[in-house]
Amino acid sequence: MSVLVYSESENGKLKKSSFETASYGKALSQKLGSKLICVSFNCSDIELLNKYGADKIVNVESSNLKDFTAKTYSHVLSQVIEKENISVVILSSSADAKYLGAYLAGITDSSYISNVVALPESLNPFIVRRSCFTNKAFSTTEINGNLKIISISSNSYEINENNGDGVIENIDYNEVSSTFKVSNVEKQSAKVTIADADIVVSAGRGLKGPEHWHMIEELAEVLGAATACSKPVSDMGWRPHSEHVGQTGKPVASNLYIAIGISGAIQHLAGINSSKVKVVINSDPEAPFFKAADYGVIGDAFDIIPELINKLKARK
Amino acid sequence: MNILVCISNVPDTTSKINFTDSDSKFDKNGVQFIINPNDEFGLTKAVWMKDSNKASVTVLTVGDSSADTILRKCLAIGADKAIRIDCEAKDAYSVAKEIVAHCESIKYDIIICGRESIDYNGGLVPGLIAGCLDYNFITNCVSLEIESGKAKCAREISGGTEFSECDLPLVIGAQKGLVEESDLIIPNMRGIMMARQKPLDVIKAQNINSRAIDKKFFKPEEKGEVKLVKPDELDKLIDLLENEAKVI
């Protein structure tokens with residue numbers, strides 16, 4: 001019985017999340033007294049997983065699997081699961097991983113649990129801690145079933161180096177046919193995404209209009225941060241939906257979350273609760289966000305942000 | 001074309017979350033329940049497809065009779081028919097399996113779910129249904145058009161959008177963007193009156209065992225007091241972030 005980690009890559013290179021999932025997978029395999037097997041698709045730097053303790057590395061090379069789709073990838077993974085006698089599969093919480101995890105659970109009749117924030121508290125019964133109610137709460141949850149699929153929250157498990165001597169193997173598998181074809185992908189390649197960012201700079205209605213967002217973008221650029229916004233801002237069309245963070249938008253689990261001109265409605269706070277350090281800049285001292293913040297500045301964003309940008313630039 | 005929209009009954013987004021029975025159960029006391037927002041985006045899209053694709057729209061929920069209120073609301077919004085699979089919704093696995101059993105007896109061209117519920121956020125139901133039925137599947141779906149039996153859809157991915165095409169049947173995980181917030185249909189008096197005449201069938205559950213059992217709930221630790229920095233002392237803020245919090 002081994003632990004399988006699905007190691008995500010982008011443009012042939014492993015993503016940072018695959019070191020988190022490998023570290024988690026290694027710790028879990030040690031607890032279980034089993035082996036850690038990592039699997040990746042069309043990945044050129046897969047040997048890096050040895051640094052995180054892989055006992056075996058499976059590389060799936062196929063031009064038919066160039067585009068990620070939940071169905072085709074799941075069917076390959078289900079064959080790896082069977083061949084390697086896997087008991088637990090570890091995934092990140094990226095959009096693709098969650099897409100894949102639920103489908104994989106369907107075809108393998110396994111037990112899937114997402115938003116897991118720590119190693120299991122107990123192995124028998126298998127009990128994990130996960131966030132729920134959009135980070136307004138956590139639960140300890142018992143998972144039954146022979147095969148378990150665990151998606152871990154981003155930034156919830158520290159990357160640990162651990163010497164591994166995994167041999168890279170290619171495997172034989174059957175590809176499934178699918179009418180599902182990816183026709184096009186549009187990506188803003190230069191921008192840091194909310195899911196991958198260590199720092200997120202977010203702004204709300206306090207900015208008064210989309211024409212003032214250049215300040216937010218400049219601040220984000222200086223910090224190497226992703227930009228985000230509150231629900232009203234995306235509803236009014238000032239910013240794209242993909243930037244909306246909160247209960248009905250995206251969750252944020254960055255190291256630093258800077259909220260500018262956002263009052264801090266309960267739905268917004270739920271979405272950003274997993275961020276480690278929160279800074280709030282707001283002219284209203286009564287804004288509920290100050291109660292959820294680590295650091296706060298009460299004042300006018302239109303004065304504070306340009307000065308903050310200048311000071312951060314001077315520091316570099 | 002037959003469309004099934006799966007609806008989850010969830011606490012209103014403004015709800016304060018509390019627990020009862022030694023923190024082992026969600027406290028429903030005083031909580032208003034709503035249609036899961038991601039499901040509602042999907043329902044609105046389905047109602048539009050009644051006109052554009054001559055679709056018939058069935059809404060379905062897995063739950064006890066307390067869920068009938070939101071099913072009536074879905075009918076008032078424009079669904080043609082409602083089905084409730086009569087059992088307590090225990091976990092995502094058992095709920096999805098109940099839906100799978102229903103979809104094995106009645107075929108739908110498109111099954112729409114929210115990409116996740118806003119209570120347990122599992123995101124399991126649409127994928128599990130698609131996997132079990134071997135249907136095509138797209139989640140985080142922000143666009144869907146059906147032309148001569150084929151679907152053109154778009155999915156929000158990290159930092160962009162992915163466009164794809166596939167045959168039906170198809171399972172969708174809906175989210176904002178599939179329709180806009182301002183497109184959501186508020187039932188009018190005529191819709192509410194008509195909803196009373198529409199069928200709401202209660203069907204027997206398979207009583208599938210759950211796979212995930214919540215043992216105990218916790219609330220996040222209370223934050224300490226916020227450290228305020230004066231607007232003219234931003235150097236101090238930078239210093240705190242760099243040396244105390246160590247995040248920049």
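User: Which residue is the bridge partner of A:Thr141 in β14(B)?
Analyst: Two strands count as paired if DSSP finds at least two bridges between them. In this predicted model, strand β9 (residues 137–143) of chain A and strand β14 (residues 212–218) of chain B are joined by six bridges in the antiparallel sense. Within β14(B), the bridge partner of A:Thr141 is B:Asp214.

User: Which helix of chain A gives the most to the side that touches chain B?
Analyst: The contact draws on 75 residues from chain A and 63 residues from chain B. On the side of chain A that touches chain B, the greatest share, 10 residues, comes from helix α3 (residues 95–108).

User: How many residues on that side of chain A are charged?
Analyst: The residues of chain A that touch chain B fall into three groups. Of these, 33 are nonpolar and 25 are polar, and the charged ones number 17.

User: Which are the edge strands of the open sheet of 10 strands?
Analyst: The sheet is mixed in its pairing and runs from β12(A) through β11(B) and on to β13(B). An edge strand here pairs on one side only, and this holds for β12 (181–187) of chain A and β13 (200–204) of chain B.

User: What residue of β12(B) stands opposite B:Cys113?
Analyst: Strand β8 (residues 110–114) of chain B pairs with strand β12 (residues 170–174) of chain B in the parallel sense, over five bridges. Opposite B:Cys113 in β12(B) stands B:Gly173.

Conventions:
Residues numbered from 1 in each chain as written. Chains lettered and ligands numbered in written order. Predicted model: local features only at pLDDT ≥ 70, side-chain atom pairs only at ≥ 80, totals over all residues. Contact = placed C-beta atoms within 7 Å. Helix = DSSP H or I, 4+ residues; strand = E, 2+ residues; numbered from the N terminus. Nonpolar A, V, L, I, M, F, W, Y, C, P; charged D, E, K, R; others polar.
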